[in-house]
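Got a minute to walk through a structure together? Have a look at the model below, and then we'll take it one question at a time.

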Amino acid sequence: MSEEIFDRVKLVLGEIQSAQPSNAEELEVFRIKYLGSKNTIKPLFAEMRHIPNEQKKEFGQKLNELKQAAESKHQSVKDSLGTPQKSSAGPSIDMTVPAGDLNIGSRHPVSLVLNHMIEVFARIGFSVAEDREIEDDWHNFTAMNTPPHHPARDMQDTFYLKDSTSELLRTHTSSVQARMMTAHEPPIRIIAPGRVFRNETISARSHCQFHQVEGLYVDEGVSFADMKQTLLYFAKEMYGAETKIRLRPSYFPFTEPSAEMDVWLGTETTTAKKLTKGTGWLEVLGCGMIDPNVLDNCGIDSKLYSGYAFGIGIERSAMQKYNISDIRMLFENDNRFLSQFSSAF
Ligand code: PHE
C-alpha cells in the first residue's frame, strides 16, 4: 500500500521535472496544477495517515521535495521568460523632446485696416470716439435728418429689436455723429470706427454686418475744400502716393452737398475688376457738408458752425489690400484663412 503511494509521488516528481512551459500561458497552467489552491500535490499530504510510522518522515521529505521542485521549476521558467511590462506603467515619456509650436493668433484683416486708418487720421488731429451698436431711432435716423417715413430709410434696411421700432442695430456709424454733437461743443474732430448692420442679402460683395469709420469735423468756417483735402490725404496714405480720387455727387439726408469718393484701382487684377465691377473705380466712402438741420437737431448753432462728415467702408479696403474676392470670408472665422495675416498692415 505505501509502495504504491511512494510510486505516485515519484510519478508526479517526474512530471514536474519533465514539464517545459514555453510561454506565460503554459507557465500559468503549470502553476495552477502544482502550486495553485487545488494543486495535485495537496491530496498526497492526506495520504500520510496510510503511511506506517517509521516511513512517515521519509514520506514527508518526499512531499516537500515535490513542492520545492514545483516551486523552483516555476521560478526558473518565469525568469527565463522575462518579466512582462506592467500595463499600469503607461507609455514612457521623454522629457527632453522639444515642445511643439504654440498656435499664436494673428490680427484680423479688418482690424489691420482699421488700425491703420486710425493711425492715418490721428496724424492730422482726429481722435477716436466709439459708441453703441444697439441704437435708438433718434440718433440713427431722426437726428440725422431722416424723420419717420422718410424714403431714405429704405436705403438702409434696418434690423429692429423685438417689436420695438425705437431700438435697432445701427445701420451706420453716423449715429455717433449725433452722440458726439449732443454731448460736446465744437470744435469736434473725431473718427468713430465700428460695426454696422443692414438687412441685406449676403453675397460675395455684401453682408448684413460690416464696419465703417465715421469722420466728423465741426468748427467755425469749415469748407468743402477742407474735406476734399483731408480725404485726398487719407486716400494717398491708404492706397499710395500716386492715388487718384474722384468725388461723385450723391445724396445723403444728413449732408448737403453730398458726394461719394472713389479711388482708382484699375482693372488689371481679378480682385480689382471684381471690386470695381469692371470700372476700375473703387467706391470707398460717402461724405458731405453736414446739413444745417443736423447741427440744429443736435444743439449746435448752424449759423455759427459748419462741418463735414464722411463714412468709410472698411471691408472693401481690406479686400482690395489683401486680394480677398469674397466678403463672407471676413466673417467666417476660418483659421485657415485668418492665419495667413501677419500683425502688420
Ligand atoms: N452713413 C453713410 C452710409 O452709411 C455714409 C456717410 C457718412 C455719408 C457721413 C456722408 C457723411 O452710407
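Q: How far does helix 8 reach from its first C-alpha to its last?
A: Helix 8 covers residues 224–239, so you'd count 16 residues; helices here are DSSP runs (H or I, at least four residues), numbered from the N terminus. The expected span is 1.5 Å times one less than the number of residues. For helix 8 that comes to 22 Å, and its actual reach is close to that, at 22 Å.

Before going on, a quick word on the model: it's predicted, local features need pLDDT of at least 70, side-chain atom pairs count only at pLDDT 80 or more, and totals for chains, interfaces and linings use all residues. Residues are numbered from 1 along each chain as its sequence is written, and side-chain values use heavy atoms, with hydrogens and water left out.

Q: Within what arc do the buried residues of helix 8 fall?
A: Buried means under 20% relative accessible area, exposed over 50%, and partly exposed in between (1.4 Å probe, protein chains only). The buried residues of helix 8 are Met227, Thr230, Leu231, Phe234, Ala235, Met238 and Tyr239. Seen down the helix axis, they line one face of helix 8, because they fall within an arc (taken from the directions from the axis to the C-beta atoms) of 135°.

Q: Which residues are exposed on the other side of helix 8?
A: The buried residues of helix 8 are covered by elements including helix 5 (109–122) and strand 8 (281–290), where contact means heavy atoms within 4.5 Å. On the other side of helix 8, the exposed ones are Ala225 and Gln229.

Q: How much of the ligand's accessible area does the protein cover?
A: Arg198 has a side-chain N or O atom 2.8 Å from an oxygen atom of the ligand, and for Gln212 the distance to a ligand oxygen is 2.9 Å. On its own, the ligand has 330 Å² of accessible area (Shrake-Rupley method, 1.4 Å probe). The protein covers 93%.

Q: Which residue does Glu256 join through a cis peptide bond?
A: The omega of this bond is about -5°. The partner lies in strand 7, strands being DSSP runs of E, at least two residues. The partner is Pro257.

Q: Is Asn323 buried or exposed?
A: Asn323 isn't a glycine, yet its phi is positive, about 60°. Asn323 sits in the loop between helix 11 and helix 12 (335–338). Its relative accessibility is 52%, so Asn323 counts as exposed.

Note on methods: A polar contact is a pair of N or O atoms within 3.5 Å; within protein, one must be able to donate a hydrogen and the other to accept it, and residues adjacent in sequence count only if both atoms are side-chain atoms.
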